[in-house]
Amino acid sequence: MAYNGSNTCRIRSKMLTDTQISHFYTHGFILMKNPFGEACMQQIDQADSSNRKKNNWSNDFNKLACQFLTVGELVLEMVEQPKLIEMAKQLLDCDEVHIGACGFGEALKIISQDGRPFQQVDWHSDGGPEVKQVSFRTALDCHHSGNAPLRVLPGSHLRLKAEVWEELIQLEIASGQHQDIPSISFVKHPAEVEIMLDPRWTLVWTPSCWHATGIKTTIGLRRAIGWNYFPRGGRTRDAAAVKHIFSNQWESWSLQRQKLWGLLD
Ligand SMILES: [Fe+2]
């Protein structure tokens, strides 16, 4: 692990403006300048290089969450910064949040292992209008047009899942490529926004917003680091992974840290 205990990952930007908050509510995302800075991203990159050989994670845990947590104290402190937590509370309009999911690496590679013809993620939402969450996502490599950029359908986090799905299926059928009703969709939606995430920017969004990716046509890495804050009672998907990776430490963490990672009831 490359972290040397310096504060190079302390965020530098100010809090969100009212118009940014309004954009998040309405469209499901905002982009802000990478608040962590180049030195921080380099430290994560170095930690990744030394941890990359380790990929024999137990299937009991989310692989990307394990890769995230293995970076160690550096990412824990990054996620726990009071300014970020304040932003999450502002966006979720609540007075308490915890981290319910985290990930680091190449999600696209993992998802594409199901035999799909291209390295591409199909349309889905990780939640629905009832799931309140805010996710911070920063690319370590540029997710340009040939590197499977994220595609989001603005405002779809406010709509019923069945309604959005029907819309996508109708667009699929209208493309003339199907004999039967498709069970998976990559179709271009006229209202989608392609986000070519560059390491200089951070995406702040709700994964309840429908999303897919473009096709990966270039070689090279497509890594991202991200985590999701939830209001009280929200998901704790990676609590077991936190206990597993920090098995010798988590019980001695402050109650505040245990609570923030969703380890306490
Ligand atoms: Fe997703």
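**Reading sheets, burial and contacts in a predicted model**

In strand β8, Tyr-229 is the bridge partner of Ile-99.

Trainee: Before that pair is placed in context, what kind of model is this, and how many helices and strands does the protein have?

Mentor: The model is predicted. The protein has nine helices and eight strands.

Trainee: How should the overall dimensions be read, and what radius of gyration would a compact globule with 265 residues have?

Mentor: One sets the value of the model beside the value expected for a compact globule with that number of residues. For 265 residues the expectation is near 18 Å, and the protein has 18 Å, so the two agree. Along the principal axes, the C-alpha trace spans about 60 × 40 × 35 Å. Of the 265 residues, 36% count as buried.

Trainee: What share of the contacts with a separation of 6 or more comes from residues 24 or more positions apart?

Mentor: Such residues account for 84% of those contacts in the protein.

Trainee: Let us return to the strands. What is the order of the open sheet of five strands, and which of its strands stand at the edges?

Mentor: To read a sheet, one follows the partners from strand to strand. Here the order is β1-β6-β3-β8-β2, and the pairing is antiparallel. β1 (29-33) and β2 stand at the edges, because each has a single partner strand and one side of each is left without a neighbour in the sheet. Neighbouring strands of this sheet are turned against each other by 20° on average, direction ignored.

Trainee: How many bridges join β2 to β8, and how many link β3 and β8?

Mentor: Eight bridges join β2 to β8, and these two strands run antiparallel. Within this pairing, Gly-103 stands opposite Gly-226 in β8, and Ile-99 has Tyr-229 as its bridge partner. β3 and β8 pair in the antiparallel sense over six bridges. There, Ala-139 stands opposite Ala-224 in β8, while Thr-138 has Ile-225 as its bridge partner in that strand.

Trainee: β2 stands at an edge of the sheet. How many of its residues are buried?

Mentor: The two properties are to be read separately: one concerns partners in the sheet, the other the surroundings of each residue. Nine of the nine residues of β2 are buried, so this strand is largely enclosed by the rest of the structure. β8 is mostly covered as well, with seven of its eight residues buried.

Trainee: What is the order of the open sheet of three strands?

Mentor: Its order is β5-β4-β7, again with antiparallel pairing. The edges are β5 (193-195) and β7 (211-213), since each has a single partner strand and therefore one side without a neighbour in the sheet. The twist averages 30° from one strand to the next. β4 (residues 150-152) pairs with β5 in the antiparallel sense over three bridges, and Ile-195 in β5 is the bridge partner of Leu-150.

Trainee: How is a helix judged to be enclosed, and which residues of α3 are buried?

Mentor: One counts its buried residues. In helix α3 (residues 63-70), six of the eight residues are buried, so the helix is largely enclosed by the rest of the structure. They are Leu-64, Ala-65, Cys-66, Gln-67, Phe-68 and Leu-69. The elements covering them include α2 (38-51), α4 (73-79), β2 (97-105), α6, β8 (224-231) and α8 (239-245). After α3 comes Gly-72, whose phi is positive, near 95°.

Trainee: Which residues have the most contacts inside the largest nonpolar core?

Mentor: In soluble globular proteins, nonpolar side chains tend to be buried together. The largest nonpolar core here has 60 residues, and those with the most contacts inside it are Ala-65, Phe-68, Leu-69 and Ala-88. Leaving aside neighbours within four places in sequence, Ala-88 is in contact with Val-97, Val-134 and Tyr-229. Tyr-229 is also the bridge partner of Ile-99.

Trainee: Finally, where is Asp-122 found, and why does it count as partly exposed?

Mentor: Asp-122 is found in the loop between α6 (107-111) and β3 (134-139). Asp-122 counts as partly exposed because it has 17 C-beta neighbours inside 10 Å, whereas a buried residue needs 20 or more. Apart from neighbours within four places in sequence, Asp-122 is in contact with Ile-184, Ser-185, Phe-186 and Ala-212. Asp-122 and His-189 lie 67 residues apart in sequence and 12 Å apart in space, C-alpha to C-alpha.

Terms used
Residues are numbered from 1 along each chain as its sequence is written. This is a predicted model: local features need pLDDT of at least 70, side-chain atom pairs count only at pLDDT 80 or more; totals for chains, interfaces and linings use all residues. Helices (H or I, at least four residues) and strands (E, at least two) are DSSP runs, numbered from the N terminus. A residue is buried if 20 or more other C-beta atoms lie within 10 Å of its own, exposed if 12 or fewer, and partly exposed in between; C-beta atoms are placed from the backbone. Two residues are in contact if their C-beta atoms, placed from the backbone, lie within 7 Å. Two strands pair if DSSP finds at least two bridges between them. Axes are lines fitted to C-alpha atoms, for helices over the stretch in contact, and angles run from 0 to 180 degrees between N-to-C directions. A nonpolar core is a set of buried Ala, Val, Leu, Ile, Met, Phe, Trp, Tyr and Cys residues joined through C-beta atoms within 7 Å. The radius of gyration is taken over C-alpha atoms; the globule rule is 2.2 Å times the number of residues to the power 0.38.
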